Amino acid sequence: MTGWRLQSLRFVLVGLASNLLLFLLYLLLITLGSGPKIAMTLLFVLGTMQTFIFNKSWTFAHRGFLQASFLKYVAIYSFAYLLNLTALLVLVDGFGYPHQCVQGGMILALALMLFLLQKFWVFRMPATAATRT
């Protein structure tokens, strides 16, 4: 399996496990009385921290500087958070769509964006190392 395919598979596995757990926690928080935006915010922070660990070490096997990659990771997840929050504000509050459907759709849309940003920016392999694989 090539590096691209292996990374994609690992990213999907980390993402599926993480997002399944986080989505179930999201629904639990809603059931317990939390609002959709509060639940999404809390779980976004939790998800960002735990997926950084798995994606850095397992998905991309990144050996670069921890601080630099973590700052980039937080930046892309902050951007994703703002997109997610905007979707909830516009589609749920503005148009009345069910929050469960909007949140589920956002998980899928943001996953593709986040994979590409991690592969080509956050955990990018130096050009010399990339030519050896």
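**A nonpolar patch and the helices around it**

In this predicted model, L89, V90, L91, F95 and Y97 come together to make a nonpolar patch of about 480 Å² on the surface. One of these residues, V90, sits in helix α3, which runs over residues 66-94. V90 has a relative accessibility of 38%, so it counts as partly exposed.

As for the overall layout, the protein chain is built from five helices and has zero strands. Going along the sequence, the pattern is simply α-α-α-α-α. Along the principal axes, the C-alpha atoms take up a box of roughly 50 × 25 × 20 Å. The chain has 133 residues, and 34% of them are buried. If contacts between residues at least 6 apart in sequence are considered, 69% of them link residues at least 24 apart. The chain's accessible surface adds up to about 8100 Å², with carbon and sulfur atoms accounting for 75% of that area.

Helix α1 covers residues 3-31, and its 29 residues, at 1.5 Å each, should span 42 Å; the C-alpha atoms at its ends are 41 Å apart, so the two values agree. A good look inside α1 turns up Q7, F11, V14, G15, S18, L22, Y26 and I30 as its buried residues. Among the elements that cover them are α2 and α4. Right after α1 comes G33, with a positive phi of about 110°.

Next comes the stretch between α2 and α3. A61 belongs to this loop, with α2 itself taking in residues 36-59. The phi of A61 is positive, near 45°, even though A61 is not a glycine. That deserves a remark, because most residues other than glycine have a negative phi. A61 is partly exposed, since its relative accessible area is 37%.

H62 is in the loop between α2 and α3 too. Is H62 buried or exposed? With a relative accessibility of 13%, H62 falls under the 20% cut-off and therefore counts as buried. Leaving aside residues up to four places away in sequence, H62 is in touch with K56, S69, V122, F123 and R124. The H62 side chain also has a polar atom 3.3 Å from the backbone nitrogen of G64. One of the residues that H62 touches, S69, is itself among the buried residues of α3.

Back at α3, the length check works out again: 29 residues at 1.5 Å each should give a span of 42 Å, and the end C-alpha atoms are 40 Å apart, so the model agrees with that expectation. The buried residues of this helix are S69, Y73, I76, Y77, A80, Y81, N84, L85, A87, L88 and V92. What lies over them includes α2 and α4, the latter made of residues 99-122. So α2 and α4 turn up as cover for the buried residues of α1 and for those of α3. After α3 comes G96, which has a positive phi near 80°.

This brings the description back to the patch, where L89, V90 and L91 are joined by F95 and Y97. Within α3, L88 and V92 are buried, whereas V90 is partly exposed.

Methods: Residues are numbered from 1 along each chain as its sequence is written. This is a predicted model: local features need pLDDT of at least 70, side-chain atom pairs count only at pLDDT 80 or more; totals for chains, interfaces and linings use all residues. Side-chain values use heavy atoms; hydrogens and water are left out. Patches are made of residues with over 30% relative accessible area and no salt bridge: like charges are joined within 9 Å, nonpolar side chains (Val, Leu, Ile, Met, Phe, Trp, Tyr) within 5 Å. Accessible areas come from the Shrake-Rupley method with a 1.4 Å probe; for residues, only the protein chains shown count as cover. A salt bridge is a side-chain nitrogen of Lys or Arg within 4 Å of a carboxyl oxygen of Asp or Glu. Helices (H or I, at least four residues) and strands (E, at least two) are DSSP runs, numbered from the N terminus. Buried means under 20% relative accessible area, exposed over 50%, partly exposed in between (1.4 Å probe, protein chains only). Contact means heavy atoms within 4.5 Å. A polar contact is a pair of N or O atoms within 3.5 Å; within protein, one must be able to donate a hydrogen and the other to accept it, and residues adjacent in sequence count only if both atoms are side-chain atoms. The expected span of a helix is 1.5 Å times one less than its number of residues.
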